[in-house]
Amino acid sequence: MNRALLGAGRLGLRHLGWITAGLLISGFVVAADQQASDEARETVDGLIAQVEQRLSIAPDVAMAKWNSEAPINVPEREAQILKRVVEEAQHQGVDHQLARAFFQDQFDASKAVQKQLHQQWQKESQPPFDNPPNLANDIRPQLDTLTPQLIQSLSEFQTFESESAAQQYLEESAARAVANNEYAEALEIALSSLRDE
Ligand SMILES: O=C(O)C(=O)C[C@]1(C(=O)O)C=C[C@@H](O)C=C1
């Protein structure tokens, strides 16, 4: 074998070594990913679905307030919810700072949807709606039902949040949900403290 051939052979072997190492490492990474996200996937998807469900109530809130001309921002109602959130979080062993930040995001997301719709209805000179949903009797009780369910999901999420594979899955799943939601910017707000973890 001449020198050139020998050199090419050595180079080939060296490359083969790197390629094999690369394949092995990526194989481990993929395997680790699957293992972690297998269990976390359901929790993450469940939590995102509940966040979307809560946000899907915001147009009803907007309709009720369009008719009643009540303010979009109601700090005393937010404070009342947050008080229960902190109590329930303590009860379920959820970090109350995360719970507070998460619920504040939900309020901010709802307000973003309400503002967007009110601006749109203003432009369209929308008259009051026929049979609007009732804020006190229908809508707020629906939101109150979701509160402990969201805290339960937050508690499950906390067991995975330090796993990078679960975070990565949350990132992918959240991006997908945002891309498919009519109120993308608001959903982005609603998921922001989870993605910061
Ligand atoms: O209950 C209302 O009035 C709402 O607008 C809903 C909601 C919430 O998401 O829970 C959002 C904004 C308000 O500041 C208070 C509460």
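**Helix packing, core and ligand shell**

Leaving aside residues up to four places away in sequence, Val113 touches Leu55, Ala58, Pro59, Ala62, Tyr183 and Ala186. Val113 is one of the buried residues of α4, and that helix is a good way into the rest of this predicted model.

The protein chain is built from seven helices and has zero strands, so the pattern along the sequence reads simply α-α-α-α-α-α-α. Of the 197 residues in the protein chain, 23% are buried. Contacts reach across the sequence: among those between residues at least 6 apart, 85% join residues at least 24 apart.

As for confidence, the protein chain has a mean pLDDT of 88, with 81% of its residues at 70 or more. Residues 1-6 are another matter, with pLDDT below 50 and one contact in the model beyond near neighbours in sequence. Where pLDDT is low, the predicted coordinates should not be read in detail. For the complex, the predictor gives an ipTM of 0.99 and a pTM of 0.83.

Back to α4, which covers residues 96-123. Its 28 residues should span 40 Å at 1.5 Å a residue, and the end C-alpha atoms are 41 Å apart, which agrees. The buried residues of α4 are Ala99, Phe102, Phe103, Asp105, Gln106, Ala109, Ser110, Ala112, Val113, Gln114 and Leu117. Asp105 is on that list, and so are Gln106, Ser110 and Gln114. The neighbouring case of α3 works out in a similar way: with 18 residues, α3 reaches 25 Å from its first C-alpha to its last, close to the 26 Å expected at 1.5 Å a residue. Just after α3 comes Gly93, with a positive phi of about 70°.

Much of the burial in α4 feeds into the nonpolar core. The largest such core has 37 residues, and those with the most contacts inside it are Val44, Leu55, Ala99, Ala109, Val113, Ala186 and Ala190. Two or more residues each come from α1 (3-55), α2 (58-68), α3, α4, α5, α6 (164-180) and α7 (184-196). The largest share, seven residues, comes from α4. In soluble globular proteins, nonpolar side chains tend to be buried together. Two of the well-connected core residues, Leu55 and Ala186, are also among the contacts of Val113.

Val44, another of the core residues with the most contacts, lies in helix α1. The cut-off for a buried residue is 20 or more C-beta neighbours within 10 Å; Val44 has 24 inside that distance, so Val44 counts as buried. Not counting residues up to four places away in sequence, Val44 touches Phe157, Ala166, Tyr169, Leu170 and Ser173. Ile81, by contrast, is 37 residues along the chain from Val44, with 23 Å between their C-alpha atoms.

Ile81 turns up again in the shell around the ligand. The full set there is Val61, Asn73, Val74, Arg77, Glu78, Ile81, Gln106, Phe107, Ser110, Lys111, Arg140 and Leu143. Three elements give two or more residues to this shell, namely α3 (75-92), α4 and α5 (135-158). Here too α4 has the largest share, with four residues. The shell is a mixed one by class: five nonpolar, three polar and four charged residues. Gln106 and Ser110 belong to the shell and are also buried residues of α4.

Beyond α4, the chain runs into a loop that leads to α5, and Ser125 is found in it. Ser125 has a positive phi, near 50°, in a residue other than glycine. Asn131 sits in the loop between α4 and α5 as well, and its phi is also positive, near 45°. Most residues other than glycine have a negative phi. As for surroundings, Ser125 counts as exposed because it has 6 C-beta neighbours inside 10 Å, while Asn131, with 7, is exposed too. Asp130 lies in this loop between α4 and α5 and is exposed, again with 6 C-beta neighbours inside 10 Å. From Asp130 to Ala40 the C-alpha distance is 44 Å, with their positions 90 residues apart in sequence.

Notes: Residues are numbered from 1 along each chain as its sequence is written. This is a predicted model: local features need pLDDT of at least 70, side-chain atom pairs count only at pLDDT 80 or more; totals for chains, interfaces and linings use all residues. The expected span of a helix is 1.5 Å times one less than its number of residues. A residue is buried if 20 or more other C-beta atoms lie within 10 Å of its own, exposed if 12 or fewer, and partly exposed in between; C-beta atoms are placed from the backbone. A residue is near a molecule or strand if its C-beta atom, placed from the backbone, lies within 6 Å of it. Ala, Val, Leu, Ile, Met, Phe, Trp, Tyr, Cys and Pro count as nonpolar, Asp, Glu, Lys and Arg as charged, and the others, Gly among them, as polar. A nonpolar core is a set of buried Ala, Val, Leu, Ile, Met, Phe, Trp, Tyr and Cys residues joined through C-beta atoms within 7 Å. Two residues are in contact if their C-beta atoms, placed from the backbone, lie within 7 Å. pLDDT is the predictor's confidence in each residue, from 0 to 100.
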